[in-house]
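User: I'd like to learn how to read the features of a protein model, one at a time. Could you walk me through a few?

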Amino acid sequence: MVHYEKLSPPTTGEKIKFNNGLPIVPANPIIPYIRGDGTGVDIWPATQKVIDQAIEKAYGIDRKIEWFKIYAGDEACDLYGTYQYLPKDTIEAIREYGVAIKGPLTTPIGGGIRSLNVALRQKFDLYSCVRPCRYYQGTPSPHKHPENLDVIVYRENTEDIYIGIEWESNDPIGIKLIEHLNNDVIPASPSLKNRIIPQGSGIGIKPVSKDGSQRHIRRAIQHALKLNGNKRHVTLVHKGNIMKFTEGSFRDWGYELATNEFRNECITERESWILSNLEQNPRLSIENNAKLIDPGYESLTKEKKDIICNEVQLVINNIHKTHGNNKWKKMVLVDDRIADSIFQQIQTRPQEYSILATLNLNGDYISDAAAAIVGGLGMAPGANIGDRAAIFEATHGTAPKHAGLDRINPGSVILSGVMMLEYIGWQEAADLITKGLSQSIYDKQVTYDLARLMEPPQSPLSCSEFANAVIERF
């Protein structure tokens, strides 16, 4: 039994348990929530009302969430004392009950915690940040056809440069590390010949591990398996053409996972080309198939031609029977794209993508860029998921100047609630909220941030009125 300093858990309800990384959910789960700082005072009550009403409409009295208020950010400091941004009570409550939802949190002032969001992800090993970016008809967007973008960004949370292992330019440890690299490590490596790290540099470490990459990509593939049609598609996004042993390895480990652990459910892009060529022409030779999958084939050396021909032969030998004759078209397609290219392609060819599996830094950029296409962070939900906990969250900031005015858009937290309901398997309630929110926007019943951008501008609803509008449209 957990002892809390200042919290009182609900006296009714049951804990969510986990088995092999999946939640086992009772009919009355206890779910902790963090109201959030700034506009959290407005958007959380609106969100809770929408979630509760959807559950009641979908299931009557058979299911219900028992909410458990916990504290983080400025609100925690008010209760627990100065600089207690993330009290022990909060950590223990999330560990005890497994699934939580939160509003936006302030960035702490002073030392200690750089980011509360990052701290929560690291404490609970929430290695996958999941950010759906889809368009709701009627949402103002700077793009002509935002409805063509419907992607889910899977951003790795615990590795890459964002892990925070770095030193300032005047840090004695950083200076010593640079000296070691310049004097001992770089001269001993032929591939780094004549390179040097300038004195006075800040320095950071970018760790990318096989285990960390594959557990993250595994979740992305498992998600794709639940989708239909051409949405069963995972793209490994990386900068492996430059960072070959970190981002390049992320790509390679992703393909390894897909073609081993998910061999019966996955097809790689190059494998699909080979099988498709053979289906169009069953008499196609190995060499002619190789020419089709590699347009520069004729200019290659004999050694490189042999490598491609061997690749074609292995694919036909190993998976033609199980994946051929168009069976591969119902499987999860796994491909990869360079990160800078994907920024272009989600704007110019958005229909071609579904799930984007990325490392930490790239995922941060891409998820915000994709959200901008479909209407901005005000409508962008997020989840951070691990094997023994999951936290669903607003993706925008606290906007303190709007706090308490009942005017902010609660869409980000409401849609994060949709993700939470889907995660615990309450799909009927999740679908009601999605329907209500989508119809409310279509009817131009929206908060000021969307209303002012519509053509012509609309009279805005308050935050609480928007929640009611969503509920009315279940």
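User: Let's start with a helix. Which residues of helix α9 are buried?

Analyst: This is a predicted model, and here is the general idea for helices. An α-helix has 3.6 residues a turn, so residues three or four places apart point the same way. In helix α9, which spans residues 286-293, the buried residues are N289, A290 and I293. Because they cover an arc of only 100 degrees around the axis, they sit on the same side of α9.

User: And what covers the buried residues of α9?

Analyst: The cover includes α8 (269-280) and α10 (302-323).

User: Thanks! Now a strand: which way do the residues of β5 point?

Analyst: Look at the two sides in turn. Strand β5 covers residues 99-102; V99 and I101 point one way, while A100 and K102 point the other way. All four of these residues are buried.

User: Which strands pair with β5, and in what sense?

Analyst: Strand β3 (residues 30-34) pairs with β5 in the parallel sense, over two bridges. There, I34 has K102 as its bridge partner in β5. Strand β15 (residues 390-394) also pairs with β5 in the parallel sense, over four bridges. In that pairing, V99 finds its bridge partner in A390 of β15.

User: What about a residue in a loop: is T398 buried or exposed?

Analyst: Here the cut-off matters, because buried means under 20% relative accessible area. T398 lies in the loop between β15 and α13 (411-423). Its relative accessible area is 15%, so T398 is buried. Leaving aside residues up to four places away in sequence, T398 touches D37, G38, T39, P104, L105 and T106.

User: Let me try the reasoning on a helix residue. Where is A119, and is it buried or exposed?

Analyst: A119 belongs to helix α4 (residues 116-123). With a relative accessible area of 13%, A119 is buried. You can also set sequence against space: A119 and L86 are 33 residues apart in sequence, and their C-alpha atoms are 8.7 Å apart.

User: Now for empty space. How many cavities of 30 Å³ or more does a search of the whole structure find?

Analyst: The general idea is simple: rolling a probe the size of a water molecule over the atoms shows where empty space is left. In this model the search finds one cavity of 30 Å³ or more. About 50 Å³ of space lies in the largest cavity. V118, R121, R155, N157, Y162 and N360 form the lining of the largest cavity. By class, that lining divides into two nonpolar, two polar and two charged residues.

User: And the pockets? What is the volume of the largest pocket, and which residues lie nearest its centre?

Analyst: The largest pocket has a volume of about 1,100 Å³. Its lining takes in 39 residues, with P132, I152, H223, L227 and E422 nearest the centre. α13 gives the most to this lining, with six residues. The lining of the largest pocket holds 23 nonpolar, nine polar and seven charged residues.

User: How does the second largest pocket read?

Analyst: The second largest pocket has a volume of about 450 Å³. Its lining has 26 residues, and S115, N117, R121, E393 and T395 lie nearest its centre. The elements giving two or more residues to this lining are α4, β6, α12, β14 and β15. The largest share, four residues, comes from α4. By class, the lining of the second largest pocket has nine nonpolar, ten polar and seven charged residues.

Methods: Residues numbered from 1 in each chain as written. Predicted model: local features only at pLDDT ≥ 70, side-chain atom pairs only at ≥ 80, totals over all residues. Heavy atoms only, no water. Buried < 20%, exposed > 50% of the residue type's maximum accessible area, 1.4 Å probe, protein only. Pairing = 2+ DSSP bridges. Arc of directions from axis to C-beta. Contact = heavy atoms within 4.5 Å. 1 Å grid on protein atoms, 1.4 Å probe; cavity = no way out; pocket = protein on both sides within 12 Å on 5 of 7 lines; lining within 4 Å. Points joined across faces, edges and corners; volume = space filled by probe spheres on them. Nonpolar A, V, L, I, M, F, W, Y, C, P; charged D, E, K, R; others polar.
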